[in-house]
Amino acid sequence: MAELIVTQAEEERVLLIAVSTAGGEETDASLDELEELARTAGARTVGRVVQNREKIHPGTYLGQGKLEEVRDRLWELDATGVICDDELSPAQMRNLEEALETKVMDRTMVILDIFASRAATSEGKIQVELAQLRYRAARLVGMRDSLSRLGGGIGTRGPGEKKLETDRRLIHERIGQLKAELAQVRRHREVIRGQRQKNGTPTAAIVGYTNAGKSTLLNSLTDAGILAEDKLFATLDPTTRALTLSGGQTILLTDTVGFIRKLPHHLIEAFRSTLEEARYCDIILHVVDCSNPRMDMQMHVVYETLRELEVKDKTVVTVFNKIDRLEGEFGQPRDLQADYQICISARTGEGLPRLTECLEAILRSQKVYLEEVFPYSEAGNLQIIRRYGELLSEEYGPDGIAVRAYVPAERFAALKTKSPASRLPE
């Protein structure tokens, strides 16, 4: 009887290397995040090497002496590759591979690999492939050996190993095709966005650092049922769900891809059509993991990314999430750039009523108070109010329907004009 042979992918053992130019604490925090990225991509971190320099070496990333140390550590730890904490130039990648005689990856390659494994929708796959091709188009010379290497692992998922990506002319042709497909996606999004604006439905974009709990919050508020894991970039494709507030108002919530420090420029460009949801929304829900000791840095990264996307003049509600993970007494977290601040736990539900009350108050502040008596022949106005505003009360009397409501300013004049009845007495 033939023996059953079980095969499994070999786990990559990687050594993290970095150049510290700003300070040891900042570098350690960045490497902690890089280790989490490597774990998410399926690799095991076996060690770290940090060199203090005024600036990154333009040819080999590290200095010659440090390269000798890395080579020794690779042998001692039986590592199968190295991951650099910065994006490498083609020359740096080629020179490092020649000097270390091992697989060399950079932070951008790891993030792109995670995105390639997480993209589920056709739009997400197009965006990821476009970002990968743009990254590799500039590195064909430096990455020729790694692209032709057989086997799996970080950097080889997605479109990486086809001859298409090793020929510069064909790569640019493929990039052109993908850009045309994304342009069509963008036009589709604009049509949907225009329909929402026509219907007067307010929207809120959920933004935040990766793994802050954005998807968990959307699930808790709307029963969206999307994947929510304690991993970086657990969800990639945007999801929009409707939330009906207690006063009857409906708001659309859109979950967006998480931000991260040193977010590759290729990803921002490729995902611009998705991230632009934040540009056209009415409210920004900025989700922050307040249990993370690097909370302030993460908030800074989010605001910098929003500025790069030209998101401005929005009402910002900072949602300090994961308060259930805080132990003992803790001070009230602050975000000086936010209009409103609320502490919640999306997992346990603590604070969610305060968040929905806040959203309701914001939407109400953007409307005009209407107090009117409509004759029964104009009872259809109540449907308009329910659809576009917030109906506070309706009383049926001999002269008509007495209504108290909040309505959008552009609807207020029309409703007043339609009704010949006088205002209710004070």
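A disulfide is a pair of cysteine sulfur atoms within 2.5 Å. Go through this predicted model with that cut-off and the count comes to 0 disulfides.

**Cysteines**

Take Cys290 as a worked case. Its closest cysteine sulfur belongs to Cys343, and the two sulfurs are 5.9 Å apart, which is too far for a bond because a disulfide needs them within 2.5 Å. Cys290 is buried, with a relative accessible area of 10%. Cys281 is buried as well, at 3%.

**A three-stranded sheet**

Now for the sheet. Its 3 strands run in the order 11-13-12, the sheet is open, and the pairing is antiparallel. The edges are strand 11 (367–374) and strand 12 (390–397), each of which pairs on one side only. Neighbouring strands are turned by 10 degrees against each other on average, if you ignore direction.

Strand 13 covers residues 400–408, and its antiparallel pairing with strand 12 takes in 7 bridges. One place to look is Leu391, whose bridge partner in strand 13 is Ala405. Over on the other side, strand 13 and strand 11 pair over 8 bridges, again in the antiparallel sense. There, Lys367 stands opposite Pro408 of strand 13.

How many residues of strand 11 are buried? The count is 6 of 8, so this edge strand is mostly covered, buried being under 20% relative accessible area.

**Aromatic pairs**

The model has 2 aromatic pairs. One of them joins Tyr376 and Tyr396: the ring centres are 6.2 Å apart and the planes sit at 20 degrees, so this pair counts as stacked. Stacking here calls for planes under 30 degrees apart, with centres within 6.5 Å.

Where do the two partners sit in the chain? Tyr376 is in the loop between strand 11 and helix 14 (380–388), while Tyr396 belongs to strand 12. They are 20 residues apart, and the pair links distant parts of the chain. Tyr396 thus brings us back to an edge strand of the sheet, since strand 12 pairs on one side only.

As for accessibility, Tyr376 is partly exposed, at 43%, whereas Tyr396 is exposed, at 54%. The dividing value is 50%, so Tyr396 counts as exposed and Tyr376 falls in the class between buried and exposed.

Here are the tyrosines and cysteines side by side.

| Residue | Relative accessible area | Class |
|---|---|---|
| Cys281 | 3% | buried |
| Cys290 | 10% | buried |
| Tyr376 | 43% | partly exposed |
| Tyr396 | 54% | exposed |

Terms used: Residues are numbered from 1 along each chain as its sequence is written. This is a predicted model: local features need pLDDT of at least 70, side-chain atom pairs count only at pLDDT 80 or more; totals for chains, interfaces and linings use all residues. Side-chain values use heavy atoms; hydrogens and water are left out. Two strands pair if DSSP finds at least two bridges between them. Helices (H or I, at least four residues) and strands (E, at least two) are DSSP runs, numbered from the N terminus. Axes are lines fitted to C-alpha atoms, for helices over the stretch in contact, and angles run from 0 to 180 degrees between N-to-C directions. Buried means under 20% relative accessible area, exposed over 50%, partly exposed in between (1.4 Å probe, protein chains only). Rings of Phe, Tyr and Trp (its six-membered ring) pair if their centres lie within 6.5 Å; planes under 30 degrees apart count as stacked, over 60 as edge-to-face and the rest as tilted.
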